[in-house]
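Please keep the viewer open beside this text and make each selection as it is named. The stops run from the whole chain to single residues.

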Amino acid sequence: MSPTPVPNSTTPFWRTELHELDSHRTTPDLPSDCDIVIIGAGFAGAALAYYLYDDNPSPPSVVILEAREACSGATGRNGGHMKPDVYYQVPKYIKKYGVKAAVDVARFEASQVQAFKALVEKEKIDCDFVLTRACDATLDPDLARDTHHAFTELQKSGVANLKDVFYAYGKDAEKLSGVKGALSCFTFTAGHVWPYKMVLHLLRTAVNKGANLQTHTPVTRISDTELPDGRWLVETERGSIKAKKILLATNGYTAHLAPQFRDKIVPVRGICSRITVPKDRPVPFLPYTYSIRHGVGMYDYLIPRPDGSIIVGGAKPKFWHDRSQWYNVTDDSKLIEPAVPHFDGLMQRTFKGWETSGAKTDRVWTGIMGWTSDFMPYVGEIPGKPNQMILAGFSGHGMPLILLSAKAIVQMIRKGSKFEETGIPEIFRATEERLKSTKNEILGSNSQPKL
Ligand SMILES: Cc1cc2nc3c(=O)[nH]c(=O)nc-3n(C[C@H](O)[C@H](O)[C@H](O)COP(=O)(O)OP(=O)(O)OC[C@H]3O[C@@H](n4cnc5c(N)ncnc54)[C@H](O)[C@@H]3O)c2cc1C
């Protein structure tokens, strides 16, 4: 059976200022029944809870069950980078799924950044959100050439909305990006955020409106079939809850409760760090967020924070060849040791003018992502399980995908909308066909994650 989240996880920078709800239990005991159980209190679970209560005069009773502390999974340990993929994977998706599906995904991703900004403003969320531009800088000659050809073809075809994408190839790339040796660079609208603060704000809002949050409550089992009254039995070490509806927001751990997702949503361990600069050393301003592409699927990515520090993730060239470090790994209590030294001197090696910055690694942590075998998330009703829905499997790319997916699921619940009426890309639907497929693109030669 797939394992549940481990205790004693590494401490990410984002979890160094804990919110009052971090280990919260709204009631000392679990209620015996409710309308909706949400399993998982990361971005997906919190966004579902938020929308279930948002502007809802007669909300359902909702219990949120979280195995560890609130937002202690991938969301609390990520790079804080909200970067929609508006061009990079589009040519590949056109070949695989056709123009409409590929363009739908790019449009959906791009719209999330603006939706997120609107939410932060509406709810006055104090989460260091910054609307900015992402800069993808490519160092590898083969990848720069292939990306160039794919992008120019995409431009010629006119099918995708590339109005917001600025592209420089060749000599200007290094100057525009500030990245040493950049052979090409793309910039486009993106954001960055303190993810833990954002999620805890959403949870606070839902709890204030009646949600029952139960942290440190791992769900051990969901009944195989519905009870005679049509409800599902959700079992935990602290007792069971009967629920009319179950929403799985369990990311890389999904298969533990829903075995049909085994090998479909695979736990993949990633690593992140925080780099600081001594206060007395002026360093060149970093105007963007960055992805530094070293080769196909090999990258570092980073966000400059308002406090002057930099959050950097990736380091894949240092450990990706050793599958035991990342594939099917759920232990985020340990670092990926071969990757740790990679962050030392990364700013000095990467950026022009940073050679004498004194930038140094302040903290390193790991986290568990949920990668899907076809790189598409699972969103919506679970086949063969009436009244069970899923929002999981963002393949290390959840920040520009989760908010509007959660909103759409809630629209299905509250208004009875059909999947196709919600704006969720069709290829995100959790279908029987996807669950039956034995293809695993994670381990295939064309695995090309987005960041
Ligand atoms: C190191 C790292 C860096 C990343 N960087 C980025 C980035 O910069 N940009 C980006 O877009 N994405 C990034 N990601 C991916 C992103 O963090 C995820 O896509 C996103 O946070 C997923 O949110 P979630 O709510 O689905 O999952 P999670 O945040 O993992 O939440 C799932 C929750 O479910 C709980 N849970 C699981 N099983 C059970 C159970 N049986 N009972 C009760 N609770 C359970 C877990 O404890 C967890 O809290 C990164 C991920 C990692 C690990």
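Begin by selecting the charged side chains of this predicted model: the chain carries 55 positive and 49 negative charges, and the mean positions of the two sets lie 2 Å apart. With the surface switched on, the exposed area of the chain comes to about 17800 Å², of which carbon and sulfur atoms supply 52%.

Next, display the C-alpha trace of the entire chain, whose atoms fill a box of roughly 70 × 50 × 45 Å when the box is taken along the principal axes. A compact globule of 451 residues would have a radius of gyration near 22 Å, and because the chain has 21 Å, the value agrees with that expectation. If you colour by burial, 59% of the 451 residues fall in the buried class. A contact map tells of the chain's long-range pairing: among contacts with a separation of 6 or more, 78% join residues that are 24 or more positions apart.

Switch to a cartoon view, where the chain shows 10 helices and 17 strands. Then select residues 35-412, the range that an unreviewed UniProt entry annotates as the domain "FAD dependent oxidoreductase". Over residues 35-412 the chain is 27% helix and 28% strand, and the C-alpha atoms at the two ends of the range are 15 Å apart.

Now narrow the selection to helix α1, residues 43-53. How many of the residues of α1 are buried? The count is 11 of the 11, so the helix is largely enclosed by the rest of the structure. Among the buried residues of α1 you can pick out the aromatic side chains of Phe43, Tyr50, Tyr51 and Tyr53, and also Leu48 and Leu52. Just after α1, stop at Asp55, where phi takes a positive value of about 50°.

Two other aspartates deserve a look at their backbone angles. Select Asp128, which sits in the loop between α3 (99-123) and β4 (130-138); phi of Asp128 is near 50°, a positive value in a residue other than glycine. Is Asp128 buried or partly exposed? Its relative accessibility is 24%, and because buried means under 20%, Asp128 counts as partly exposed.

Finally, move to Asp263, found in the loop between α7 (254-257) and β11 (265-276). Although Asp263 is not a glycine, its phi is positive, at about 70°. The relative accessibility of Asp263 is 45%, and since exposed requires over 50%, Asp263 too counts as partly exposed.

Definitions and conventions
Residues are numbered from 1 along each chain as its sequence is written. This is a predicted model: local features need pLDDT of at least 70, side-chain atom pairs count only at pLDDT 80 or more; totals for chains, interfaces and linings use all residues. Side-chain values use heavy atoms; hydrogens and water are left out. Helices (H or I, at least four residues) and strands (E, at least two) are DSSP runs, numbered from the N terminus. The radius of gyration is taken over C-alpha atoms; the globule rule is 2.2 Å times the number of residues to the power 0.38. Buried means under 20% relative accessible area, exposed over 50%, partly exposed in between (1.4 Å probe, protein chains only). Contact means heavy atoms within 4.5 Å. Accessible areas come from the Shrake-Rupley method with a 1.4 Å probe; for residues, only the protein chains shown count as cover. Lys and Arg count as positive and Asp and Glu as negative; His and the chain ends are not counted. The place of a charge is taken as NZ of Lys, CZ of Arg, CG of Asp or CD of Glu. UniProt positions are given in the numbering used here, feature names are shortened, and annotations may be inferred rather than shown by experiment.
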